[in-house]
Amino acid sequence: MGLPLNAVLAQAMLGLNQGAFYALLSLGLAVIFGLLNIINFAHGAFYMLGAFVALIGLTQFGGWIGEPELQINFWAALVLAPLIVGLLGVLIERTMLQRLYKFDHLYGLLLTFGVALVLQGYFTNYYNVNGTPYPGIPASLKGIVNLGFMYFPKYRLFAIAASLVVCFLTWYVIERTKIGAYLRAGTENPNLVQAFGINVPLMITLTYGFGVALAALAGVLAAPIYSVGPLMGANVIITVFAVVVIGGMGSIMGSIVTGLALGMIEGITKVVYPPAANTVIFFVMVIVLLVRPAGLFGREQ
Amino acid sequence: MKKLTRSLVCAAALGLSVAGPVNAAGISDGVVKIGVLTDMSGVYSAIGGKGSVVAAEMAVHDFGGTVLGKPIKIIAADHQEKADVGSAVAREWIDRDHVDMITDILNSAVGIAVQKLASEKHTITMNTGAGSTALTNKDCTKYGIHYLYDTYALPVGTATAMVKGGGKSWYFITADYAFGHSLQDNTAKVVKSLGGEVKGEVQAPLGTTDFSSYLIQAQSSGAQVIALANAGADTINAIKQANEFGIVAQGQKMAGMLVFLTDVKSLGLNIAKGLQFTTSYYWDRNDASRKFGDAFYAKFGKMPTMDQAGVYSAVLNYLRAVKAAGTDNADAVRAELGKMKIDFFGDTGHIRADGLNVHDMYLVKVKSPKESNPKHGHGWDLLQVEQTIPGDKAYMTLAQGSCPLAK
């Protein structure tokens, strides 16, 4: 192609940035699917909600409670938004999803899709569909750094690092610790695990809440980069589903690695043939499904 | 007997020939119905959407609520940015609800489809939302009016001002569909005609959320101006991310080819300051625009975009034409619209045979946070009108155009 090395590195860097978000989002989906067998279509809406909690906390919440000076800053939002949205997830699991486990996957999918539409509709009613910028980047993360081959915003470096740390922590907890072992065992044979005195329904509820919290965390991290808008989740969720399918439904490591790799592939496509940037992931999906129907890291069932 | 038959036939023929105009005079089915076909929930809903419906209702109210003694009714629907959905709604409106005029119709693909369908059914469309010049060229129709702006007029002001201001080399980031392509082509023509050059282009899919990759390519091209041939959320994200990567700070200029007031509001003055673009309406331009802006704000809580103002003006002028023609018959009203002066917030336009409403456009510049008075206009003191572009300079002439109806 004769592309200069610097340009390729720069695009790879941007791809990594995009990939980190894909990884974080598809990780949540993979956790929920792998452990609960729920196809969580509301994942994009929870991502959007996370971003809105950060935005509202910064610009509106103080006014609502009569303390206009009060601002919930970025760092606080990074903790609070996943908590709040995670709690909402727990509520949804307890009141609605729980009733659907004994039915086909489709019912869970339809329910979560409905939840997504309701949330999107609600925010569309009150906020600019084109998005509102999140003005609260912490001073320490403002500005750009010279990476040698390109100037890169500090904040994006932080977002990449934060996503990767969270991804690998999650992988470690689920695949390498005792809690993770309980979780995995609980999904294989809930009755047996319950017989050992472990509260499986509670564990499942918390897992759903955790998966949702991951989406919200991605939302907070995305807020300063993209505009915070009601459709931000709907735009990204289809791609993230493709990532999960390519990685192998339910595979934790698969979703992290594929997320990062596909972000890079998309990044390179943006230089080589821009009009295909939106579709390249789906081409990859088609090829992967033809060759390995269970996905790159999936197990045949 | 034979004679009687003959005179009967004559009478019948006479009756028929008389019946036509008699039916045509006055208001068909006792009500004038105007349909606002817009995007209610998608990427362009902040530009038109519910605000357009409010604007149309305000026009009816300001006109007096009735025309020729008959009531006026506004109905609205969401076309979801899809030409097939828009056409289905338009067909239902015309066939079942007897809608007399359809307006707004954001999105060029929907605009072209609906204009064609409506004209086949002898119904006037007054398109304020779509930009493609095709509406009054190869896809022009007898009853289709392109009211507010087009992709020819937009770059005339913006590109001319920027090239004259020293921005000789350009790089395009273009929305990869009909509207973006036509906007880029027209802008490039203006740039080249003034001695500028186009260094490169990249076609970004509609709805791209991360433009950083394209911006980095534009940056490394070394072009003085990075032009955005896109709209709505695409424009907002691109400008925001250009700011994030310090592109403007490092000396390149950003040019938005189609920017709406709500985009500026959404970006905030810190990021958008200094951005120049072309518009046909800004609320704080003159007394007439301020009057409408304030009234709209009181009803809707936001200042109107140029599209919403366009819907208001289109409905108002349509009703004036109905009144002057004494009927809502599409042929008579279209003829009247072609004759009358089109009042656009104190400006005067005229509608040509190809359906184009030729009126003045304005080059505006986004104020810096210092220049903006937060107390003025409820926080919407965002733009500075820099220059008026006269209608005949802004728009393609009939001779340049390719509409068969105008030849």
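**Exercise 1.** Find what the buried residues of α13(B) pack against, and work out why they lie on the same side of the helix.

*Solution.* Start with the partners: β5 (124-127), β6 (144-146), α12 (306-325) and β13 (347-351) of chain B pack against the buried residues of α13(B) (contact means C-beta atoms, placed from the backbone, within 7 Å; helices, H or I of at least four residues, and strands, E of at least two, are DSSP runs numbered from the N terminus).

This is a predicted model, in which local features need pLDDT of at least 70, side-chain atom pairs count only at pLDDT 80 or more, and totals for chains, interfaces and linings use all residues. Residues are numbered from 1 along each chain as its sequence is written, while chains are lettered from A and ligands numbered from 1 in the order in which they are written.

Next, list the buried residues of α13 (330-339): Ala330(B), Val333(B), Arg334(B), Glu336(B) and Leu337(B) (buried: 20 or more other C-beta atoms within 10 Å of the residue's own). They share one side of α13(B) because their arc around the axis is only 160° (taken from the directions from the helix axis to the C-beta atoms).

**Exercise 2.** Identify the residues that touch the most other members of the largest nonpolar core.

*Solution.* This core has 229 residues, and Ala51(A), Ala216(A), Ala56(B) and Val315(B) touch the most other members (a core joins buried Ala, Val, Leu, Ile, Met, Phe, Trp, Tyr and Cys through C-beta atoms within 7 Å). Helix α1 (residues 5-36) of chain A gives the largest share, 18 residues. Now zoom in: leaving out residues up to four places away in sequence, Val315(B) touches Ile34(B), Ala56(B), Ala59(B), Val60(B) and Thr103(B).

How values were computed
A residue is buried if 20 or more other C-beta atoms lie within 10 Å of its own, exposed if 12 or fewer, and partly exposed in between; C-beta atoms are placed from the backbone. Two residues are in contact if their C-beta atoms, placed from the backbone, lie within 7 Å.
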